[in-house]
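Reader: I would like a close look at one part of this model, with the cut-offs spelled out as you go.

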Amino acid sequence: DVVIRGRKGSALVMNKPEYMDGSRCAWGEWRHALNLWHATNVKAGGFRTASSGGDGVYVRNTKDVTLQRIVSEDNLRQGISVIGAERLLVKDCVFRTTAGAAPQCGLDIEPNGWSEKLVDVVFEDCVFERNRSAGIDLHLANQRSRSTPMDIVFRRCLCRDNAGDGITSFIGRGDPPKGTILFEDCRAVSETGY
């Protein structure tokens, strides 16, 4: 039951070069600008996340979360990572210029285990651009047939000028997950690919 609302010019900015310099601090890729873990009924938006030592936004095992009008740029690992979520809406957001620690995507949907859920996850009117790797990475190797069926929708999203693919996926082998990943009116343009 939390609202995080930024006013004009609001930003969560970290010191990315420090986290990449082993003489100044231990290497790590988990220093996220906004970390929502086991959060319920949260609305956040109207601000920028930048230059974190991890992800601009990290979402794990949340319910009823809305992220709107967030610009996430120059983060070390991802613009946004979604590990597990039920009823997540990400709307009118930009995830760009991620670089420094793999996988370096605008968005990485990557559950850590088979029991983490991806139910009613919606990205609307979002832009994934100029990231060191893919715009969108669907890394679902840890999901299994016994996992809750996925329900992920991308609506009117744009992947533009990423160094890797616009959209990439890895489902895994042998015991694939069930569910639906739907792209509606989305575009991937000017991608260089691998």
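In which loop is the place of N75, and what surrounds that residue?

Author: Some conventions come beforehand. This is a predicted model, in which local features need pLDDT of at least 70 and side-chain atom pairs count only at pLDDT 80 or more, while totals for chains, interfaces and linings use all residues. Residues are numbered from 1 along each chain as its sequence is written, and side-chain values use heavy atoms, with hydrogens and water left out.

N75 is placed in the loop between β6 (62-73) and β7 (78-82), where strands (E, at least two residues) and helices (H or I, at least four) are DSSP runs numbered from the N terminus. With a relative accessible area of 0%, N75 is buried; buried means under 20% relative accessible area, exposed over 50% and partly exposed in between, for a 1.4 Å probe and protein chains only. Setting aside neighbours within four places in sequence, N75 is in contact (heavy atoms within 4.5 Å) with K16, with T49, A50, S51, S52, G54, D55 and G56, and with T97, T98 and A99.

S51 also leads to another asparagine, since apart from residues up to four places away in sequence, N15 touches R24 and S51. N15 lies in the loop between β2 (11-13) and α1 (16-20), and its 32% relative accessibility makes N15 partly exposed. Between the C-alpha atoms of N15 and F95, which are 80 residues apart along the chain, the separation is 18 Å.

β7 (78-82) follows the loop of N75, and V82 is among the residues with the most contacts inside the largest nonpolar core, together with L67, I109 and F123. That core has 33 residues, a nonpolar core being a set of buried Ala, Val, Leu, Ile, Met, Phe, Trp, Tyr and Cys residues joined through side-chain atoms within 4.5 Å. Beyond its neighbours within four places in sequence, V82 is in contact with V59, L88, L107, D108, I109, E110, P111, L118 and F123.

As for the chain that holds these parts, there are 1 helix and 18 strands. Its radius of gyration is 16 Å, close to the 16 Å that the globule rule gives for 194 residues, so the chain is as compact as a globular protein of that length; the radius is taken over C-alpha atoms, and the rule is 2.2 Å times the number of residues to the power 0.38. Buried residues make up 48% of the 194 residues, and of the contacts with a separation of 6 or more, 72% come from residues 24 or more positions apart.
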